[in-house]
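Visitor: I'm new to this one. Could you walk me through it?
Guide: Happy to. Here it is.

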Amino acid sequence: MAPRPDRGTFKFDKYYLVMEELRAQANTGGTPITEHAPDPMPREWLEAMHCPDYVEQVFSASVPREKERRIGFPVTQRIASRVRHTNGGTWLAAQLAMEHGYAANSAAGSHHALHETGAGYCVFNDLAVVSNRLIAQGHARRILIVDLDVHQGDGTASLTALRDDIFTLSIHAEKNFPARKARSSLDIGLADGMDDDGYMEVLERTLPPLIADFAPDIVLYQAGVDPHGDDRLGRLALTDNGLQRRDRFVVAQARSRGLPVASALGGGYGEDQRIVARRHAASMLAMAEENRLYPVAMLGG
């Protein structure tokens, strides 16, 4: 794991705290968890979606300062190793989801990373890279990316824009970052201050017919907790209960149709990182509990 960088504003310690929260829940009789350590994402998989020159800049820790400013932290050798492993974590989560129905990456969800640069605390776009590889290896023919982070998934939308085998749904705060939105397959921008009930009305109206119409083989879920009303970078007003309602609904809609779900951590920001980590852990545990209500789904290779 990479240490916190000496420049930039992103707080890496929430990732350690998420795992502490998950382990504490399991050790006190809560939902049991099984931990897996991912392999680093192969370079050629990253280069299939990102500019090879940019991949080389990351691997050699020579990312230009203007790109580092756009990312939000310096890309050191340790950070380069970290993002290869966190991207590998989303790949592993997808493989485990196809075996068990649901699996989570306790990091990543790097949906702002673009073809030639990172952005918004994201270096490589694990959602786009993993989607491309799942299809290339024949694990899936059609993939639905459900992005419920408070920020639009502009990088994912841009990287998959010309594909009809990857559908990107982004439900986000309309007036939040990025200022210039990309075009997802379906974008729904929400008004500031939307609460649990308003959010769920939008999600319940949107997701079931989308799954039925697109007929994906797997769902990759960007499960950011930054729609929470207390989030430092959010503009919505969901509660802890609202986030768990959202997450359970996504998993239930997929699993009731026999579709595996792999989630990535996504955004969550606040001065008290343990509170943010607790929200992320509760999100993953709620999805794991929901998955237990449905039979395991297996995809043909």
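Visitor: Which strands does helix H9 lie across?
Guide: Helix H9, residues 240-255, lies across S5 and S6. Its direction is at about 170 degrees to that of S5. Keep in mind that this is a predicted model.

Visitor: How do you know that S2 and S5 are paired?
Guide: Pairing takes at least two bridges between the strands. Strand S2 (residues 143-147) and strand S5 (residues 218-222) are joined by 5 bridges, so they pass. They run parallel, and Val146 stands opposite Tyr221 in S5.

Visitor: What makes S1 and S4 edge strands?
Guide: The 6 strands are ordered S1-S6-S5-S2-S3-S4 in an open sheet with parallel pairing. S1 (102-105) and S4 (186-190) each have a single partner strand, so one side of each has no neighbour in the sheet. From one strand to the next, the twist averages 15 degrees.

Visitor: Why is the set with Leu144 and Tyr199 called a nonpolar core?
Guide: The name calls for buried residues of kinds such as Leu, Ile and Tyr, joined through side-chain atoms within 4.5 Å. The largest such core has 45 residues, and Leu144, Ile171, Tyr199, Leu203 and Leu207 touch the most other members. Leu144 and Tyr199 are in that core, so both count as buried, which means under 20% relative accessible area. Helix H8 (196-214) gives the most to this core, with 8 residues.

Visitor: What does Tyr199 touch?
Guide: Leaving aside residues up to four places away in sequence, Tyr199 touches Leu148, Ile171, Leu190, Met194, Leu236, Leu238 and Arg246.

Terms used. Residues numbered from 1 in each chain as written. Predicted model: local features only at pLDDT ≥ 70, side-chain atom pairs only at ≥ 80, totals over all residues. Heavy atoms only, no water. Helix = DSSP H or I, 4+ residues; strand = E, 2+ residues; numbered from the N terminus. Axes fitted to C-alpha atoms, helices over the stretch in contact; angles between N-to-C directions. Contact = heavy atoms within 4.5 Å. Buried < 20%, exposed > 50% of the residue type's maximum accessible area, 1.4 Å probe, protein only.
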